[in-house]
Amino acid sequence: MRIAVVNNFFPPRVGGSAHMSASLAAQFVEEGHEVLAITAAYADAPAEEERDGYRVVRLPATKMPQVGLSIDFDMSFASVRPGNWRRLWKLLNEFKPDAIHLHGQFFDLSWLAGIYARRRNIPVLLTIHTLLISDNKLYGGVFRMLDAVLVRPILAYIRPRYVILDKLGVDYCVDRYGTSDANSEYFPIAVDTGHFAKPVTKDVRAEHEIGDAPLIVSLGHVIPLRNRLPLIEALPSILDKHPGVRVVVVGRVYHDAFLKRAAELGVSEALIVTGAVPKEDVPAYFAAADIVTHDLNGGCGTASLEAMLSGTATIASVTEDNYPGIELRNGENVLLVRPDDAEAVASTVIGLLDDPERRAVIAQRESEMVRSNFGLDVVAEEHLRTFEKLVTEASEADVLR
């Protein structure tokens, strides 16, 4: 098959969506398929390149202005640049995709490629990565309005088959977009197991002068949906029991409420904030950590699953039925706390630091669970079976016309 992968976010940009789309594209090639990846220009990345056996084309894009709000995010839009509609459609016309894999329901490249596919009866999978929600009532209302008046009508026209990653996503998509079992697939996040089989690239403890201190790593961009506040609120209790604990926050800080709260609680000296790091450095941070946690506001994203895979005890905040068809057992093959529950975070962290043997056993079980259910090869195969089914159905529909 010829598969076009479309995502405004793509490496060298870091983030779960970017890494997942690139990893799946590479795995599709590994399985013998032809892939074209189309994305938005980013930093000094080349306009076109070959990587992992497939072609990547980056279209000119305009960066969203940063206006100082807590919902600021580093996004770029390609549709506003003159000629990009024509460029995108020319690329797709030349590639002649059998199927298109869109990543992100509110990205303009998904919309443009989706419209192209609808007009040519090309099957489309759309993976929902980020939910437009916020605890802030004003922002939450704005997000709901955008979903209702902009995103949902476009998706209704494109008519994709949705790929929904977890229970939170299922509930959200049913509510916002009217999805159902009839137009959805429930595939988990894909984790590149091979990336974590490589030797680590640096000594994180030496670089940050941490030594043998107990270390909590919290990896992922700091945004309102992953604000780190439950971890900061838990720190006084953790430090009272384990005074030497250090917390390394890895990722761009788009929402700095956790820094202000740390200052108020007098725990700022326990924090090290690194900013974003290259993908190849991520395994080194997990290897250095005793505990990893950043999904504490309700979720268990790519970074948390990668941390589990790496063999480091990882705490997240979802329910045991979060992934349809995958059995999570809290305290056995996963470590779960209620969302926004600082007391539960403190209790769990202290218990893990108090009992290294138990911590190691759970970490190993987490790694086995992720490898068996979220491995890139496993998830890619599910995608390919769906593509093949959709392509066959589209071909039969064309014959009947």
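**Buried, paired, packed: reading the labels**

User: Why is Glu185 called buried?
Analyst: Its relative accessible area is 16%. Buried means under 20%, so Glu185 qualifies. Bear in mind that this is a predicted model.

User: What makes Glu185 and Arg161 a salt bridge?
Analyst: Their side chains meet at 2.7 Å, N to O. The cut-off is 4 Å between a side-chain nitrogen of Lys or Arg and a carboxyl oxygen of Asp or Glu. The pair is within that limit, so it counts as a salt bridge. Glu185 sits in strand β10 (residues 184–185) and Arg161 in strand β9. They are 24 residues apart, so the pair links distant parts of the chain.

User: Is Arg161 buried or exposed, and how do you know?
Analyst: Arg161 is at 17% relative accessibility. That is under the 20% limit, so Arg161 counts as buried.

User: How do you know that Asp290 and Arg359 pair up?
Analyst: The N to O distance is 3.5 Å. The limit is 4 Å, so this is a salt bridge too.

User: Why say that this pair ties together separate parts of the sequence?
Analyst: Asp290 lies in the loop between α9 (282–288) and β14 (291–295), while Arg359 is in helix α12 (residues 356–374). The two parts are therefore 69 residues apart in sequence. Arg359 has a relative accessible area of 14%, so it is buried.

User: What makes Glu381 and Arg385 a salt bridge, and where do they lie?
Analyst: Their side chains meet at 3.8 Å, N to O. That is within 4 Å, so the pair counts. Both belong to helix α13 (residues 376–400). Because they are 4 residues apart there, about one helical turn separates them. An α-helix has 3.6 residues a turn, so residues three or four places apart point the same way.

User: Why are Glu381 and Arg385 called partly exposed?
Analyst: Glu381 is at 32% relative accessibility. Arg385 has a relative accessible area of 46%. Exposed starts over 50% and buried is under 20%, so both residues fall in between. Elsewhere, salt bridges that share partners join Arg144, Asp147, Asp175 and Arg176 into one network. The total count is 22 salt bridges.

User: What makes Met145 partly exposed?
Analyst: Met145 is at 48% relative accessibility. That is not over 50%, so partly exposed is the label. Met145 is placed in helix α4 (residues 137–158).

User: Which residues share a nonpolar surface patch with Met145?
Analyst: Leu138, Val142, Leu146, Val149 and Leu150. Together with Met145 they have about 520 Å² of accessible area. Patch members need over 30% relative accessible area, and Met145 at 48% meets that.

User: Which residues of α5 are buried, and what do they pack against?
Analyst: In helix α5 (residues 167–177), the buried ones are Gly169, Val170, Tyr172, Cys173, Arg176 and Tyr177. They pack against β8 (124–128), α4 and β9 (161–164).

User: What is found at the start of α5, and what follows the helix?
Analyst: At the start, a side-chain oxygen of Asp166 comes to within 3.4 Å of the backbone nitrogen of Leu168. After α5 comes Gly178, with a positive phi near 70°.

User: How do you know that Val334 is buried?
Analyst: Val334 is at 1% relative accessibility, and the limit is 20%, so it is buried. Val334 lies in the loop between β15 (313–316) and β16 (335–336). Beyond its neighbours within four places in sequence, Val334 contacts Met308, Leu328, Arg329 and Glu366.

User: Why does His242 count as buried?
Analyst: His242 is at 16% relative accessibility, under 20%, so the label holds. His242 is in the loop between α7 (229–241) and β12 (246–250). Leaving aside neighbours within four places in sequence, His242 touches Ile350, Leu353 and Asp354.

User: Why is the protein called as compact as a globular protein of its length?
Analyst: The protein has 13 helices and 16 strands. Its radius of gyration is 21 Å, close to the 21 Å that the globule rule gives for 401 residues, so the description fits. Buried residues make up 55% of the 401.

Methods: Residues numbered from 1 in each chain as written. Predicted model: local features only at pLDDT ≥ 70, side-chain atom pairs only at ≥ 80, totals over all residues. Heavy atoms only, no water. Patch = residues over 30% accessible without salt bridge, like charges linked within 9 Å, V, L, I, M, F, W, Y side chains within 5 Å. Areas by Shrake-Rupley, 256 points an atom, 1.4 Å probe, with all protein chains shown as cover. Buried < 20%, exposed > 50% of the residue type's maximum accessible area, 1.4 Å probe, protein only. Contact = heavy atoms within 4.5 Å. Polar contact = N/O pair within 3.5 Å; in protein donor to acceptor, adjacent residues only side chain to side chain. Rg over C-alpha atoms; globule rule 2.2 N^0.38 Å.
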